[in-house]
Amino acid sequence: MLRDVSLDLPVRPVLPELVAALRATGAGVLVAPPGTGKTTLAPLAVADEVPGRVLVAQPRRVAARAAAHRMAALLGERVGDRIGYAVRGERRVGPRTRVEVVTTGLLVRRLHHDPELAGTGVVLLDECHERHLDADLALAFAVEARAALRPDLWLLAMSATPEADRFAALLGGEGGPAPVVRAPAALHPVTRIWAPPPRPVTAPGAGPVDRALLDHVAATVRRALRERDGDLLVFLPGAGEIAAVTARLADLRDEVAVLALHGRQRGAEQDAALRPADRRRVVLATAVAESSLTVPGVRVVVDAGLARVARTDLARGLGALVTVPVSRAAATQRAGRAGREAPGYVYRCWSAASHERLAAQPAPEIATADLTGFALELAAWGRPDGAGLALPDPPPAAALSVARDTLAALGAIDPDGRITDRGRAIAAVGTHPRLARALLDGADRVGADRAAEVVALLAEDTVAGPGDDLAAAWRRLRAGTDPAATARWRAEVRRLRAALPAGADASGRTGSAGARRTREAGPAGRNRLPDDLAAGLLVGLAHPERLARVRRPGGSAYLMTGGTAAELAPGSALAGSGWLAVAVADRSPGAPTARVRLATPLDEATAREAAGPLLRTEREVAWSGTDVVAREVVRLGAVELVERPLARPDPAAVTAALLTGLRRTGLGLLDWTPAARALRERLAFLRQALGPDWPEVTDEALLAAAPDWLGPELATARRRADLARVDVAAALRRLLPWARAARLDELAPERITVPSGSRIRVDYTDPAAPVLAVKLQETFGWQDAPRVAGGRVPVLLHLLSPAGRPVAVTADLASFWRSGYPRVRAELRGRYPRHPWPEDPTTAEPTRRTTPRRR
């Protein structure tokens, strides 16, 4: 077939080397930069060498169609003759077809259906460097199928980047790396022009791209039109930004043709951007034009420097398309589109310094995306954890675990991770497992036609158009307001409708008696639900954790059943709806709530039906805020539907709640009388003085042991107020065994009798130094300070004047009498003449009275 093509592209000279490598080893890697012809010429070259069909796998539908049209045009034929293609919902092949271009997702489906790929001689995996999930799976499955079933099958990975060693090792297996054949770069140089915005712009993220950047891109397009010749290819992150820049260039339509190129378009619209025109063109494209497609006539590239990638919030189950800076490798590929046919120019809307800070390579999809579908494919292949497969990177453990939990909840895998019959039915639908579940389970409830229509809208959410009202989008698609979107949607509806069991019909009735019983057991007339509720039911079946109830009537804040807070956009027509079924939502990193992007209203009854497994009735006895709350609650996930007080809560649960409150709030919930505080201080002193034989009475220790020393009181308490009535001193004594309790007053006496006969209270506030505050005259006759803790610890005496003011602090009374007392006596005897101040206090009579005045 290659001999029928006269076109000479940079890859052509290395094709004989490539064919020789495949003939020798059966596997190889072709590295060829964009624009060198690998996608169109390599399949034709290998087709001449194998008897079977050549399958070329492309990561995108638009690229698959374009590659087939390009090869057919080179052969002077129509697509469907020797060159064909197959994408989801569309196939054009014939009896003479030798080369068939398919999407990587479709190749995965074929490998599941026929792992031997009977009738196929070679599989070419194009753009494998882009690392889409389906591409990784197609590579892994094809390598294993070749090793186990088809050693004669040729495998060729084609990459636009020079980092090919990983793919060579995977293809070569235990026999060593597969040979790598490299094609020279395109012959034409590309001049870089750095064109950053004049003012800083907001960093990209989950929200819209800064309008100032879009203004700057449009201005850069106008500049390039003035300064350079040839067509322009403008890279933008998504269809929304393409529409916005198109509007900014509307006044140029008389001078140039402004065209769009992205995955949401109909095939005819995409083909128009890929054909030469009779006047100058500005083609606004997403990453589909990065490496898989060739846009003829392009001499200038304007690069906004952004890419849109999938991100998954594993904790909340939210997926989002996030706008990120382009990688250096992707920027190089984009620039190369300007040099395919002649010397070109690239205007980069960022600075040279910023370029050096860009990531070298884009993150592979396996590292960031939702892996539910990926995990189902692994289970269907018989390798639930992917072990032993030739995957370029292993799936992240956390993401794979979440994916398998989801599949288990859907009934798609068993406890060992093996696929079930239901899982095979879900996989056969060919869409995300959640959406497949909604289609299969929802068809009987709302009718097969409506189920297919809504699920097609969810699967192809790019057809929804502006706004966040899913039901309104459904009505627009039915009405054909946007013919291109409606055409894509109806094609997917037909495919999904065909995937349903033969017994399902449009009314929702099936030939299954079991299905009729299921319907009849549900709410009356469920299969006659209005469209809004039918859409809500289907969204709820796909995403039960995203059913959301409004937080306050008329508001725009919601709580999802999965526990995530969500907000509608300002001015949303959905605001005030009591319940929403949220189809699409995202949450920016650090944001407190998720933003609802696409949803439909529903009622509580439909929400209960859609998320039945999340519905539960619980009796709760817990500490809430400042007291025990005992109630019966009906919940749908995190959303409370009904709350009733419990008249007779379980006593054990009340005790546990009180303990929780005590530990959260602290011992201040108890009434610490002076007697209770004094006893606690005495116990703390003994613990320090005598060691662990005595109980620890710190806050932490008392709270930990609360069931022991507060047990009887907790058993009879019902609320916080009951704790305030506890006799804490009596409760604390439960910490003491009988033998210890008997010695408490001996070792840590509450009061000490001083020589005057008074019984003075000992202050144990400082467990290291118990204090006895006593008037100096009452201690006359003491030789030494008293001791406690069995004589181990001297009491610290605070000796007071007759007026009760401290005059000395000592634990060594004998020393005080010798040296301190004479000074105190000299200082105070004149101030307090009616009180005795003997020269020798150790032999004087102690007294708590004054000396009588002489008459």
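**Cores, sheets and confidence in a predicted model**

The largest nonpolar core of this predicted model holds 104 residues, and those with the most contacts inside it are Leu107, Phe141, Leu171 and Leu457. Helix 5, spanning residues 133-148, supplies the largest share of this core, with 9 residues. To get a feel for the packing, take leucine 171: leaving aside residues up to four places away in sequence, it touches Ala27, Gly28, Val29, Leu139, Val143, Leu155, Ala157 and Ala178. Apart from this core lies another one, made of 66 residues, including Leu744, Ile752, Val754 and Ala785. As a general point, nonpolar side chains in soluble globular proteins tend to be buried together.

Next comes a parallel sheet. It is open and built from 6 strands, in the order 9-16-13-10-12-11. Strand 9 (190-194) and strand 11 (257-261) sit at the edges, each pairing on one side only. Ignoring direction, neighbouring strands in this sheet are turned by 20° against each other on average.

Walking through the sheet from strand 9, the pairing with strand 16 (residues 344-348) is parallel and runs over 5 bridges. Here tryptophan 194 has arginine 348 of strand 16 as its bridge partner. Strand 16 is also joined to strand 13, again in parallel, by 4 bridges, and arginine 348 turns up once more, standing opposite aspartate 303. Strand 13 covers residues 298-303 and is mostly tucked away, with 5 of its 6 residues buried. Strand 13 is joined to strand 10 (residues 231-235) as well, through 5 bridges between parallel strands. In that pairing, aspartate 303 of strand 13 stands opposite phenylalanine 235.

What lies across the other end of the strand order? Helix 8, residues 239-248, lies across strand 11 and strand 12 (281-285), and runs at about 150° to strand 12. Its buried residues are Ala239, Glu241, Ile242, Ala244, Val245 and Thr246. The cover over these buried residues of helix 8 includes strand 11 and strand 12 themselves, along with helix 7 (211-227) and strand 14 (306-313).

A second sheet to look at is antiparallel. This one is open too, with 3 strands in the order 22-23-24. Strand 22 (615-624) and strand 24 (639-645) are at its edges with a single partner strand each, so one side of each has no neighbour in the sheet. From one strand to the next, the twist averages 30°. Strand 23, residues 627-636, pairs with strand 24 in the antiparallel sense over 6 bridges, and valine 634 stands opposite valine 642 of strand 24. This sheet has a helix across it as well: helix 22 (residues 651-665) lies across strand 22 and strand 23, at about 50° to strand 22.

How far can the picture be trusted? The average pLDDT for the protein is 89, and 94% of the residues score at least 70. One stretch to handle with care is residues 508-526, where pLDDT stays under 50. The model does give this stretch 26 contacts beyond four places in sequence. Still, predicted coordinates should not be read in detail where pLDDT is low.

How values were computed: Residues numbered from 1 in each chain as written. Predicted model: local features only at pLDDT ≥ 70, side-chain atom pairs only at ≥ 80, totals over all residues. Heavy atoms only, no water. Pairing = 2+ DSSP bridges. Helix = DSSP H or I, 4+ residues; strand = E, 2+ residues; numbered from the N terminus. Axes fitted to C-alpha atoms, helices over the stretch in contact; angles between N-to-C directions. Contact = heavy atoms within 4.5 Å. pLDDT = per-residue confidence, 0-100. Buried < 20%, exposed > 50% of the residue type's maximum accessible area, 1.4 Å probe, protein only. Core = buried A, V, L, I, M, F, W, Y, C linked by side-chain atoms within 4.5 Å.
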